[in-house]
Amino acid sequence: MIRRVPRVKRHRSRVLDSRVAVRIRTAWLGVCLALAAGCGGSGEVAETPSGDAARNDAEWFVDRASASGIDFIHFNGASGAFYYPEILPPGVGLLDYDNDGDLDVYLVQGRVLHEAGAPAEAPVPPKQALPLTGRLYRNDLRVGADGSRTLRFTDVTADSGIDADGFGLGVAAGDVNNDGWTDLLLTNFGPSGLYLNQGDGTFRDASATSGIDGTPGFGVSAAFVDYDRDGWLDLYVGHNVNYALDNTIKCSNVTGASDYCPPETYGGTPDHLYRNTGDGRFVDVSDTALAGGQFGPALGVAVADYDGDGWIDIYVANDATENMLWLNQRDGTFRDVALLSGAALSGMGLAEASMGVDAGDFDNDGDEDLFMTHITNEGNNLYVNDGTASFRDRSTLSGLGAGSLPYTGWGTTWFDYDNDGWLDLLAVNGTVIASPGPADRPFPYDQRKSLFRNLGDGTFADVTGSAGAVFELSETGRGAAFGDVDNDGDVDVLVGNDTGPARLLINQVGNRRHWLGLRLVGAGGRDMLGARVAIRRPGEPVLWRRARSDGSYASANDPRVIAGLGESDVRPAVEVHWPDGRTESWENVEVDRWTTLEQGAGSS
């Protein structure tokens with residue numbers, strides 16, 4: 001039975017007075033501080049947050065995880081043996097599994113790893129980490145008549161049917177059987193797991209019957225993508241290194257202390273592409289579809305149409321080896337053109353340690369540009385697309401490279417945190433080499449997060465110091481998922497920390513400007529991942545955005561589209577380029593609210 005998805009809840013956002021909100025880009029810092037300190041809050045309400053109330057109201061982002069019921073603590077089982085998988089998790093996921101119009105949360109969990117015959121000495125998990133299984137939290141968002149919001153999450157893992165007790169690494173989300181309900185793909189140190197949403201609050205483990213669980217490898221990041229335009233979501237899984245517990249090598253860091261080995265110690269292993277047959281099964285087509293690939297230790301995957309031909313391509317961020325850009329040949333196969341396109345190596349010709357990755361139109365010229373996070377002292381990279389999948393390294397000129405040199409970045413996404421119409425960047429950081437600091441830290445690989453604001457001229461400013469107290473925390477950041485958790489018109493961030501608490505960064509500044517929220521659905525109410533949206537307004541640049549759940553690092557993002565409109569409340573025309581190649585348009589789409597656009601209902 002095909003179930004119809006209800007339309008997303010609609011509401012209006014409180015918008016900042018235009019006389020206060022005008023931003024002069026040459027004086028960005030002063031105006032940003034004025035936005036934070038001198039204007040009303042977002043109206044989001046939860047249990048009383050900790051800290052000074054006045055400071056809390058002025059902060060751009062506030063952590064509401066614990067106050068809203070997300071009591072998750074990640075545990076990686078580190079025992080001093082330095083098993084390689086311990087340094088990689090956890091990914092996180094945002095998805096609307098119950099189709100009630102708000103985003104729910106999935107969090108990946110670890111466990112103790114043991115070699116066969118090794119003594120079973122391991123740390124005891126903290127009380128909050130039990131039971132050691134991935135956790136599903138239902139969003140019970142309440143919106144008052146005055147627009148106020150109360151966030152509350154309920155742990156529904158026990159009733160969900162998801163029994164994810166392996167050593168979890170990442171999560172991907174998408175409707176693989178076109179029934180209108182979002183399914184889950186979980187990557188592990190070991191076989192991946194596929195859980196099909198039954199539409200009644202439960203999931204069915206389809207790993208054994210789907211054709212994906214027998215693949216050897218070490219999957220981390222995965223992406224659902226309809227690469228052959230047949231209407232069914234296929235699956236790309238990026239695999240990391242050729243590692244097993246019994247081939248662990250002893251390594252040391254620059255101080256001579258034992259530490260985790262770099263990925264080149266073990267070498268890369270091939271990624272896998274699975275074609276969805278439409279009957280509940282996937283077929284591994286890697287050998288034919290990905291022929292000739294020079295695979296490395298994959299960590300991030302971002303799928304988008306990089307050359308503008310209407311077919312989705314695949315970019316893979318590899319750790320310490322050249323990255324890959326699989327261009328879709330429109331015949332079921334891909335060709336790796338990363339070296340020729342300028343997207344495999346840095347502008348200096350170096351293979352760098354790429355972790356997280358995302359694609360987005362940061363310069364508003366209509367094509368998909370690339371950003372990826374790197375290890376400390378390398379600096380993050382910005383590759384600017386000319387529209388034909390030919391890229392230039394603009395890391396230095398943009399300010400993003402130098403601004404990230406002290407950090408090892410992981411989860412990241414292009415997102416417009418202040419809704420001014422220009423895509424900004426947040427990077428979640430954490431080292432892979434033990435760092436000095438207090439001896440009582442549970443996992444000494446912590447660093448602070450970074451927030452970069454797009455100045456609209458090809459450069460970025462580091463505004464981390466103005467972002468809020470949560471950006472002052474030093475934690476071992478890994479996964480990050482981005483989406484409008486409280487449906488108030490701006491993008492919030494779910495962060496996963498290796499051996500630490502999850503964080504839910506609620507955006508308190510974005511909805512002070514106008515915005516457009518769209519859910520793009522096809523037959524049966526499924527989210528149309530890969531659809532591109534052109535937002536057209538008189539006298540303004542066209543904004544291009546993409547419906548997706550991929551990108552970042554080992555995480556699943558909000559599949560809806562949200563676009564900042566700045567001070568303009570003009571109703572735009574919206575042109576949707578669907579994954580199957582068809583195009584439709586809608587006129588006078590309402591702003592400052594969420595709207596559902598269904599394929600076939602617009603003007604061709």
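Which residues have the most contacts inside the largest nonpolar core? Keep that in mind while looking over the whole chain; the model is a predicted one.

**Whole chain**

Start with a cartoon view. The chain holds 9 helices and 40 strands. Of its 604 residues, 62% are buried. Now show the surface: about 21,100 Å² is exposed, and carbon and sulfur atoms supply 52% of that area. Contacts across the chain come next. Taking those between residues at least 6 apart in sequence, 62% join residues at least 24 apart.

**The largest nonpolar core**

Select Leu88, Phe189, Phe218, Val220 and Tyr243, and show their side chains. These residues have the most contacts inside the largest nonpolar core, which has 27 residues. In soluble globular proteins, nonpolar side chains tend to be buried together.

Centre the view on Phe189. Leaving aside residues up to four places away in sequence, Phe189 touches Pro85, Leu113, Phe167, Leu169, Phe218, Tyr243, Ala244 and Leu245. Two of these partners, Phe218 and Tyr243, are also among the residues with the most contacts inside the core.

Another core lies apart from this one, with 23 residues. To find it, select Ala461, Phe471, Ala480 and Val491, which are among its members.

**A four-stranded sheet**

Go back to residues 168-174, which are strand 9, and add residues 203-205, which are strand 12. Both are edge strands, each pairing on one side only. The open sheet they belong to has 4 strands in the order 9-10-11-12, with antiparallel pairing. On average, neighbouring strands in this sheet are turned by 25° against each other, direction ignored.

For the middle of the sheet, select residues 183-188 (strand 10) and residues 190-197 (strand 11). The two run antiparallel and are joined by 4 bridges. Which residue of strand 11 stands opposite Leu185? Select Leu194 to see that partner.

**The disulfide**

Finish with the cysteines. The structure holds 1 disulfide. Select Cys251 and Cys261: their sulfur atoms are 2.0 Å apart. The link is right-handed, with 100° about the S-S bond. Cys251 is in strand 15 (residues 251-252), while Cys261 is in the loop between strand 16 (258-259) and strand 17 (272-276). The two cysteines are 10 residues apart.

Are these two cysteines buried or exposed? Cys251 has 18% relative accessibility, so it counts as buried, the cut-off being under 20%. Cys261 is buried too, with a relative accessible area of 7%.

Terms used
Residues numbered from 1 in each chain as written. Predicted model: local features only at pLDDT ≥ 70, side-chain atom pairs only at ≥ 80, totals over all residues. Heavy atoms only, no water. Buried < 20%, exposed > 50% of the residue type's maximum accessible area, 1.4 Å probe, protein only. Contact = heavy atoms within 4.5 Å. Areas by Shrake-Rupley, 256 points an atom, 1.4 Å probe, with all protein chains shown as cover. Core = buried A, V, L, I, M, F, W, Y, C linked by side-chain atoms within 4.5 Å. Disulfide = S-S within 2.5 Å. Pairing = 2+ DSSP bridges. Axes fitted to C-alpha atoms, helices over the stretch in contact; angles between N-to-C directions.
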